[in-house]
Amino acid sequence: MSIATRLRDLNITLPDAPAPAANYVPYVQTGNLLFVSGQISSGPDGLIKGRLGADMDVTQGAAAARACGLALLAQANAALGSLDRVARVVKLTGFVASTPDFTDQPEVVNGCSDLMVEVFGDKGRHARAAVSAAALPRGVAVEIEAIFEIA
């Protein structure tokens, strides 16, 4: 089954690949790896802002991380022409805007990790880092970058 069909079956619509907000490119392919720049949490109503442990809970944070994952997939699709070219999700690095005492960053970033496994199955299982940040660009709650292996 193609990934496009899988997305339809899961009722997932990818957003347009976001344009870079500063002096960088959205992705770089080198050899059989695709590096996708950090994607910030954004949804149909705009940026998903907040700080975990202050004005957002884990469920809201995981939804923000899922939104980052959708943007990562949109960038990969734009770079490759088809997500069927993804051989494996290699690594995600997630940054969570949170208070000093908030320690559930892994559960927040699971919003993106779970999406990758939903879409790619075992090829979506990846290495990962989930870290706290005092602040993220534009006041967003989550930012995630990805490395994909390309077939």
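This is a short tour of one sheet and the helices that pack on it, in a predicted model.

**Stop 1: the hairpin.** Start by selecting residues 27-30, which are strand 1, and residues 33-40, which are strand 2. These two run antiparallel, and 4 bridges join them. Now zoom in on the turn: the hairpin has 2 residues between the strands, and G31 takes a positive phi near 60 degrees there.

**Stop 2: follow V36 across.** Click on Y27 and look over to strand 2, where V36 stands opposite. Which residue of strand 7 does V36 stand opposite? That one is A146. To see more of this pairing, select residues 142-150, which make up strand 7. Strand 2 and strand 7 are antiparallel, with 6 bridges joining them.

**Stop 3: the whole sheet.** Zoom out and read the strands across: the order is 1-2-7-5-6, in an open sheet of 5 strands with mixed pairing. Why do strand 1 and strand 6 (127-133) each have one side without a neighbour in the sheet? They stand at the edges and each has a single partner strand, so one side is left free of neighbours. Tilt the view a bit, and you can look for the twist: neighbouring strands are turned by 15 degrees against each other on average, direction ignored.

**Stop 4: the helices.** Select residues 58-80 to light up helix 2, which lies across strand 1, strand 2, strand 5 (86-97) and strand 7. Helix 2 runs at about 40 degrees to strand 7. Last, pick residues 105-120: this is helix 3, which packs on the sheet and touches strand 5, strand 6 and strand 7. The direction of helix 3 makes about 160 degrees with that of strand 5.

Notes: Residues numbered from 1 in each chain as written. Predicted model: local features only at pLDDT ≥ 70, side-chain atom pairs only at ≥ 80, totals over all residues. Heavy atoms only, no water. Pairing = 2+ DSSP bridges. Axes fitted to C-alpha atoms, helices over the stretch in contact; angles between N-to-C directions. Contact = heavy atoms within 4.5 Å.
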